[in-house]
Amino acid sequence: MRHRCFFRIGLRPAILLAVAALVPLGWLPGAPAAGVARPRPNILFIMADDHAAHAISAYDGAINQTPHLDRLAKDGMRFTRCFAVNSICTPSRATILTGKYSHVNGVPVFNRFDGSQPTVAKHLQAAGYHTGMIGKWHLGSEPTGFDEWSILPGQGVYFDPAFLERAGRRVIPGYVTDVITDLAIQFLERRPADQPFFLMCHHKAPHRSWEPDAKHKAMFAARTIPEPSTLYDDYATRADAIRECQQKVFTDLTRRDLKLTPPASLTGAERNKWLQVKPTEVEVEVNGVNKVLAGDELNRWKYQRYMQDYLACVQSIDDNVGRLLDWLDQHGLRENTVVIYTSDQGFFLGDHGLYDKRFMYEESIRMPFLVRWPGMIKARSLNKDLAINADFAPTFMEMAGLAVPADMQGRSLVPLLEGRRPSKWRTGFYYRYYHDPGDHNTRAHYGLRTDTHKLIHFWKQDQWELYDLRRDPRELRNLYGDPGQKKLVARLKAELYRLKQELKDEDQFADEQPPAGVDGQTVQPGQSATRSAIAPR
Ligand SMILES: [Ca+2]
């Protein structure tokens, strides 16, 4: 592997002076930098699951307050246009590890990741980083490229979670977000002192089934969450997909999602069947009196129920990120550790009347992306350039002073972090979602998002949507088919297909999805003692 010149990372005079002083002594750029004024940075990558940027107060603040996540924005850089290129869990994780799109890394849906391929973890490990992976993995195969790993089997569970490790399976009592943070701190405590570390700390929360711990549940139980302006979207002008999907807050949340209590007489399959019902009437207790909710009253109640639990899960993440940041401070690691907070994609928080993700609409594809890197990133900086999850691996490579492999499809964000925007930064990016047929009946689509517009093609129905993001940031008016947009559509289509070709998307997975393989057995058959299967619901 070629090493990129160390001072490529930052052109700060102090570093240049230090490097200039060391070169005559035989120090080579890219070599382990112990004793150098600024050694290679540690990288702490914290990723939540389904945490929408608009549920972080540094981004919005309308529905919750996240003081610890906001610390990262205050001390570092907040990206407002960072996007997932395939907005579901497993593909986003594969893209983050490889720096490649789904059709290249082989993970378009919930299928098993081939861990024999190159990943950023392998590159960093080979370059002398101590690497760790803790929490939700959800890639089906055993982690590769990590010195240590403790992963949830499949989706994992919120309470008393099991973890798979090289040594086997163990159950750790407690709430999953606390436990994952404990494991991350333990990894940091026992890390070798003479190596930089790369730690991926992946939370399960706030993924469905949105189960908060008692403390945070109590914080939100009586709170009324403001409704988003598009909660009652009537889907006028849109393609069929949004009408046909089954990810609607009013009609698709189940009794289980709404945390309704089954009658005590039901057990086993009958109980499960009851919990899977999407209720059209719900009996609740209001001021000691039982009341049956239906219609609009029930709809509003469902939104509140959903958001109270979702935001309570987020609050525990915020507390635990605070705990990790405090730990870094207390152990002298603040200055030379890059801390990143993101989520594998966004989430609809009642926006367009939806929950979940999948669609190429902003709330679903937008990832929170907060980066603190003392001495390198200006405090309170804001970046509005188009970034994608395929950029993360190249970014970690450059942070570590390594050359970005030519086959990675993303671009390093380091210049943006340093406040130097390359003259030819991307002006649009390609998106593709495949899981159709799949959960929630969401139609497969691909598309292009530019700085100003979005073009979406539901290729199985051959239906299109076009949005002007400047005039219509909420994406309520589909302009496709408007005679006045003909030239624009032609231009966007040309760019869409140019990007598709450049990224080597030859419709490898357009017609057939690889078999599901991430929620059952979590290692290769016969590979190690960690074989275990805890199927999530
Ligand atoms: Ca996810």
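This is a short walk through one predicted protein model, from its calcium site to its cores and a few loop residues.

Before the details, a word on how the values were obtained: because the model is predicted, local features need pLDDT of at least 70 and side-chain atom pairs count only at pLDDT 80 or more, while totals for chains, interfaces and linings use all residues. Residues are numbered from 1 along each chain as its sequence is written, and side-chain values use heavy atoms, with hydrogens and water left out.

Let me start with the calcium ion. Its protein donors are D49 (OD), D50 (OD), C89 (SG), D344 (OD), D344 (OD) and Q345 (OE1), at 2.2 to 2.7 Å from the ion. Donors here are N, O and S atoms within 2.8 Å of the metal, or 3.2 Å for Na, K and Ca, and since water is not among the atoms, sites may look incomplete. Along the chain, the donors are spaced as D-D-x38-C-x254-D-Q. D50 sits in the loop between strand 1 (42-48) and helix 2 (67-75), whereas C89 belongs to helix 3 (residues 89-98), so this pair ties together parts that are 39 residues apart in sequence. Helices (H or I, at least four residues) and strands (E, at least two) are DSSP runs, numbered from the N terminus.

What angles are found among the 6 donor atoms of the calcium ion? They run from 52 to 161 degrees, and the site is irregular. For six donors, octahedral would require opposite donors over 155 degrees apart and all others between 65 and 115; four donors count as square planar by those limits, or as tetrahedral if all angles lie between 85 and 135 degrees, and anything else is irregular.

Both D50 and C89 are buried, where buried means under 20% relative accessible area, exposed over 50% and partly exposed in between, with a 1.4 Å probe and protein chains only. C245, at 2% relative accessible area, and C313, at 0%, are buried as well. The structure holds 0 disulfides, a disulfide being a pair of cysteine sulfur atoms within 2.5 Å.

Turning to the interior, the largest nonpolar core has 48 residues, and F79, F198 and F396 have the most contacts inside it. Such a core is a set of buried Ala, Val, Leu, Ile, Met, Phe, Trp, Tyr and Cys residues joined through side-chain atoms within 4.5 Å. Helix 13 (residues 392-399) gives the most to this core, with 5 residues. Apart from it lies another core, of 47 residues, including the calcium donor C89 along with Y101, L466 and L496. In helix 13, 8 of the 8 residues are buried, so the helix is largely enclosed by the rest of the structure. After helix 13 comes G401, with a positive phi near 80 degrees.

Finally, some loop residues. S57, in the loop between strand 1 and helix 2, is buried at 13% relative accessible area, and its side chain makes a polar contact of 2.5 Å with that of D70. A polar contact is a pair of N or O atoms within 3.5 Å; within protein, one must be able to donate a hydrogen and the other to accept it, and residues adjacent in sequence count only if both atoms are side-chain atoms.

Is G481, in the loop between strand 18 (463-468) and helix 15 (486-502), buried or exposed? G481 is exposed, with a relative accessible area of 61%.
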